[in-house]
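User: I would like to learn how to read the features of a structure one by one. Please give the general idea first and then the case at hand.

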Amino acid sequence: MSIECIDEHKSFGGWQRRYRHASRACDCDMTFAVYLPPAAEAGPVPVVYWLSGLTCTDENFVNKAGAQRAAAELGLAVVAPDTSPRGPGVADDDAYDLGTGAGFYVNATRAPWADHYRMYDYVAEELPALVAAELPVDAARAAISGHSMGGHGALVIGLRHPDRYRSISAFAPICAPASVPWGEKAFSTYLGDDREAWRAYDASVLAAAADPAAAPPIRVDQGEADGFLAEQLAPARLAEACAESGLDLDLNYRPGYDHSYFFIASFIDEHLRFHAAALG
């Protein structure tokens, strides 16, 4: 495996970089961003994986969230992959919530999506192996976070691999995608009509069945003025599921905050400190 650096900027003593590589999982070129703190010059550092939401690329978070200052102080690398495969021959849709920019972090099983839309394998398997091989990160000290569709992805991947992530966090995640419009549309398109297959990608289903002795701590922040809260996000479902299984969930409702990056920027430092504490 090899990666090509296609952009870099010095930031708070570290480096904000963007890489391109050929992905086996997605069968196309993929890009990801990474912030390497100053501590990475002395040796491997803990890593937080950030998954972005609908319509985003690997650049939205690094340009808007303002995470670099806290990441530099805490000695954390932050890796932000793209949200879907892209390029010639990759299936797409005119809707904003399907196709490019809307991979939903699943492995598609229906044509034509199954040829490239294997974002679950990309984020959970291929990307961490690539990052560990090519960059100064400590793969044994990893956490995962995300926003909206990416919050869904972070919760699902973290809950399905509790041995790989020491903490999970999310901003305004889609907590019960198998029963809300965004998830129903994406899952029926990518996975087909068998709702039983959807359960493997539903955070509330996974949380209800999780082992609290093995699962990492979870933090969720949700803006109360979020226009998608009532119809799409269902954080109460996640809270009920975690209470049922005994999972450690810190769910914070934030009065006045919406779904935007202004919300993320307001609390990203707290999330990074939460992960730093878990990562040691």
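Analyst: Start with burial: a residue is buried under 20% relative accessible area, exposed over 50%, and partly exposed in between, with a 1.4 Å probe and protein chains only. Helices (H or I, at least four residues) and strands (E, at least two) are DSSP runs, numbered from the N terminus. This is a predicted model, in which local features need pLDDT of at least 70, side-chain atom pairs count only at pLDDT 80 or more, and totals for chains, interfaces and linings use all residues. Residues are numbered from 1 along each chain as its sequence is written, and side-chain values use heavy atoms, with hydrogens and water left out.

User: Which residues of strand 7 point one way, and which the other way?

Analyst: In a regular strand the side chains alternate between the two faces of the sheet. In strand 7 (residues 168–171), Ile168 and Ala170 point one way, while Ser169 and Phe171 point the other way. All of these residues are buried.

User: How many bridges join strand 6 to strand 7?

Analyst: Two strands pair if DSSP finds at least two bridges between them. Strand 6 (residues 137–147) and strand 7 run parallel and are joined by 4 bridges. As an example, Ser145 has Ser169 in strand 7 as its bridge partner.

User: Which way do strand 1 and strand 2 run, parallel or antiparallel?

Analyst: Strand 1 (residues 4–11) and strand 2 (residues 14–23) run antiparallel, with 7 bridges. Asp7 is matched with Arg18 in strand 2. The two strands form a hairpin with 2 residues between them, and Phe12 in the turn has a positive phi of about 50°.

User: What joins strand 2 to strand 3?

Analyst: Strand 2 and strand 3 are antiparallel and share 9 bridges; Gln16 has Tyr35 in strand 3 as its partner. Their hairpin has 4 residues between the strands, and Asp27 there takes a positive phi near 55°. Strand 3 also pairs with strand 5, in the antiparallel sense, over 4 bridges. In that pairing Phe32 stands opposite Pro81 of strand 5.

User: How many residues of strand 3 are buried?

Analyst: In strand 3, 8 of 9 residues are buried. Leu36 belongs to this strand, which spans residues 28–36, and counts as buried because its relative accessible area is 6%.

User: What is Leu36 in contact with?

Analyst: Contact means heavy atoms within 4.5 Å. Leaving aside neighbours within four places in sequence, Leu36 is in contact with Gly14, Trp15, Arg17, Ala77 and Pro136.

User: How far apart in space are Val78 and Ala33?

Analyst: Their C-alpha atoms are 8.1 Å apart, although 45 residues separate them in sequence. Val78 sits in strand 5 and is buried because its relative accessible area is 6%. Not counting residues up to four places away in sequence, Val78 touches Ala33, Val34, Tyr35, Val48, Trp50, Phe61 and Ala71.

User: Which residues have the most contacts inside the largest nonpolar core?

Analyst: In soluble globular proteins, nonpolar side chains tend to be buried together. A nonpolar core is a set of buried Ala, Val, Leu, Ile, Met, Phe, Trp, Tyr and Cys residues joined through side-chain atoms within 4.5 Å. The largest one here has 98 residues, and those with the most contacts inside it are Phe32, Tyr49, Trp50, Phe61, Phe104, Tyr122 and Tyr190. Beyond four places in sequence, the contacts of Tyr122 include Phe32, Pro81 and Leu127.

User: Is Asp97 buried or exposed?

Analyst: Asp97 counts as buried because its relative accessibility is 7%. Asp97 lies in the loop between strand 5 (77–81) and helix 3 (119–134). A polar contact is a pair of N or O atoms within 3.5 Å; within protein, one must be able to donate a hydrogen and the other to accept it, and residues adjacent in sequence count only if both atoms are side-chain atoms. The side chains of Asp97 and Lys185 make such a contact at 2.8 Å.

User: Where does helix 10 bend?

Analyst: The bend at a residue is the angle between axes fitted to the seven residues ending there and the seven starting there. Helix 10 bends by about 50° at Phe267. At the N-terminal end of helix 10, Ser260 acts as a cap, with a side-chain oxygen 3.2 Å from the backbone nitrogen of Phe262. Gly280 follows helix 10 and has a positive phi, near 75°.
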